[in-house]
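Here is a short set of exercises to work through with the structure open beside you. Try each task before you read its solution.

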Amino acid sequence: MSAVVLAIETSCDETAIAVLGDDGLLASEIASQTALHQKYGGVVPEVASRNHLIKIQPLLTRVLERCPLEQVNCVSATRGPGLLTSLLVGYSAAKGLAIGLDKPFIGINHLEGHLLSPFFGESACPRPSVGLIVSGGHTLLVRCLGVGAYRLLGRTLDDAAGEAFDKVAKLLGLPYPGGPVIDRLAKQGDPARYELPRSMPGNANLDFSFSGLKTAVRYLLPKLTGDFLADLCASFQEAVVDVLVRKTVAATKQVGVDLITVSGGVSCNSRLRKKMIEAAQRTGLALKLANPVLSTDNAAMIAYAAQQRFNRGYRSDLAEDADPNLRLV
Ligand code: KG4
Ligand code: ZN
């Protein structure tokens, strides 16, 4: 049976809807709320959920202009993790559509959406691999054995990598979200100018910690004068990237697979992409980086994960609720 999946993603501050058919994307729309949250320096949950309510209907109308509802034979939405009141908007809308259409419904873990996104476009997904998921809310190293078969290898014990980028950007007076801004400024900077700590440097332990790095930047900042911004951004970014690359390679060797995947908003980072490519070449490992348009939150990755599950016979119970703390592993 063909699998035409309509997916809704509203876990944080992007309202996104996509339809994925067997031959590829039929529609993918994102209404970003970034500008709304910028003046608060971060996402305000109440503002986010109210805005999802405003955006979701016109977005759905736009998507359905490209793909009539009659073609859809599975409806899906992000079930968690995320902001509960935001999740509920997309999750309830998707359940309503599934009931109205009398089609199966599949709730998807947002992190599974990220994890599988580097395989987007492949029908035989995923190959055994080690996946680094680096986003604003999560930093995880996951062993991927197949769809729905994941093992935790390591995770951050405090801040997520994207959160560290955003918090350091805030310290530096840069706008939210800080990751892309630091990435841009760092291109003109010297990554070796400031020596910043690499937490938990040993490769045997695959957990991460980024809050000490953020504190180091906070204490260094008042001592700096002159033109330091680009060098500080580059040095901070290097400290994050260094640890991410080293532990991902170590995890891949420990597990004994030959494929690394990298996904989530921080996988857009140009230095991380460059250093991952170099490390893979050096160690002879294969590497799949998520396409940057599928790295930050989007519904195409949710539709892809749902399609993989649909094809394997998974279905969700409509009585199941959204879960802000849903775990992948
Ligand atoms: O995956 P995502 O859109 O949302 C979550 O699921 O959290 O990730 C957003 C995060 C933000 O922290 C943002 O600053 C970071 O991804 N980000 C970047 C870059 N682009 C987005 N961090 C570093 N460099 C970038 N180019
Ligand atoms: Zn995300």
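The exercises below use a predicted model, and each solution goes step by step.

**Exercise 1. Find the strand that holds Glu 14, and work out which side chain of opposite charge is nearest to Glu 14.**

Step 1. Start with the place in the chain: Glu 14 belongs to strand 2, which covers residues 14–21.

Step 2. Look for a partner of opposite charge. The nearest such side chain is that of Lys 55, 8.2 Å away. A salt bridge needs a nitrogen of Lys or Arg within 4 Å of a carboxyl oxygen. Glu 14 has no salt bridge, although it is buried.

Step 3. Now look for polar partners. The side chains of Glu 14 and Ser 32 make a polar contact at 3.1 Å.

Step 4. Complete the surroundings. Leaving out residues up to four places away in sequence, Glu 14 touches several others, including Glu 9, Ile 30, His 52 and Asp 297.

**Exercise 2. Which parts of the chain does the salt bridge between Glu 29 and Arg 62 link?**

Step 1. Check the distance: the closest N and O atoms of Glu 29 and Arg 62 are 2.8 Å apart, and the two form a salt bridge.

Step 2. Place both residues. Glu 29 is in strand 3 (residues 24–32) and Arg 62 is in helix 2 (residues 45–66), so the pair links distant parts of the chain, 33 residues apart.

Step 3. Compare their surroundings. Glu 29 counts as buried because its relative accessibility is 13%, while Arg 62, at 41%, counts as partly exposed.

**Exercise 3. Describe the salt bridge of Lys 288, and then the network that includes Asp 159.**

Step 1. Lys 288 pairs with Glu 122 in a salt bridge, with 2.5 Å between the closest N and O atoms.

Step 2. Locate the two ends. Lys 288 lies in strand 10, whereas Glu 122 is in the loop between helix 4 (110–116) and strand 6, so this pair ties together parts that are 166 residues apart in sequence. Glu 122 is partly exposed, with a relative accessible area of 27%.

Step 3. Turn to the network. Salt bridges link Asp 159, Glu 163, Lys 167 and Lys 214. Within it, Lys 167 and Asp 159 meet at 3.1 Å, N to O.

Step 4. Add the accessibility. Asp 159 is buried, at 6%, and Lys 167 is partly exposed, at 31%.

Step 5. For the whole model, the count comes to 16 salt bridges.

**Exercise 4. How many residues of strand 5 are buried, and how does strand 5 pair with strand 4?**

Step 1. Count the buried residues: five of the five in strand 5 (residues 105–109), so this strand is largely enclosed by the rest of the structure.

Step 2. Take the faces in turn. In a regular strand, side chains alternate between the two faces of the sheet. Here Phe 105, Gly 107 and Asn 109 are on one side, Ile 106 and Ile 108 are on the other, and all are buried.

Step 3. Find the partner. Strand 4 (residues 74–80) pairs with strand 5 in the parallel sense over five bridges. In this pairing, Thr 78 stands opposite Ile 108.

**Exercise 5. Trace the open sheet of five strands and find which strands stand at its edges.**

Step 1. Read the order: 8-7-6-9-10, with mixed pairing.

Step 2. Find the edges. Strand 8 (149–155) and strand 10 (286–289) each have a single partner strand, so one side of each is left without a neighbour in the sheet. On average, neighbouring strands are turned by 25° against each other, direction ignored.

Step 3. Follow the hairpins. Strand 6 (residues 129–134) and strand 7 (residues 139–146) run antiparallel and are joined by six bridges, with four residues in the hairpin between them. Val 134 stands opposite Thr 139.

Step 4. Continue to strand 8. Strand 7 pairs with it in the antiparallel sense over six bridges, and Val 142 stands opposite Leu 152. This hairpin has two residues between its strands, and Gly 148 in the turn has a positive phi of about 85°.

Step 5. Finish with burial: six of the eight residues of strand 7 are buried, which leaves the strand mostly covered.

Note on methods
Residues are numbered from 1 along each chain as its sequence is written. Chains are lettered from A and ligands numbered from 1 in the order in which they are written. This is a predicted model: local features need pLDDT of at least 70, side-chain atom pairs count only at pLDDT 80 or more; totals for chains, interfaces and linings use all residues. Side-chain values use heavy atoms; hydrogens and water are left out. Buried means under 20% relative accessible area, exposed over 50%, partly exposed in between (1.4 Å probe, protein chains only). Lys and Arg count as positive and Asp and Glu as negative; His and the chain ends are not counted. A polar contact is a pair of N or O atoms within 3.5 Å; within protein, one must be able to donate a hydrogen and the other to accept it, and residues adjacent in sequence count only if both atoms are side-chain atoms. Contact means heavy atoms within 4.5 Å. Two strands pair if DSSP finds at least two bridges between them. Axes are lines fitted to C-alpha atoms, for helices over the stretch in contact, and angles run from 0 to 180 degrees between N-to-C directions.
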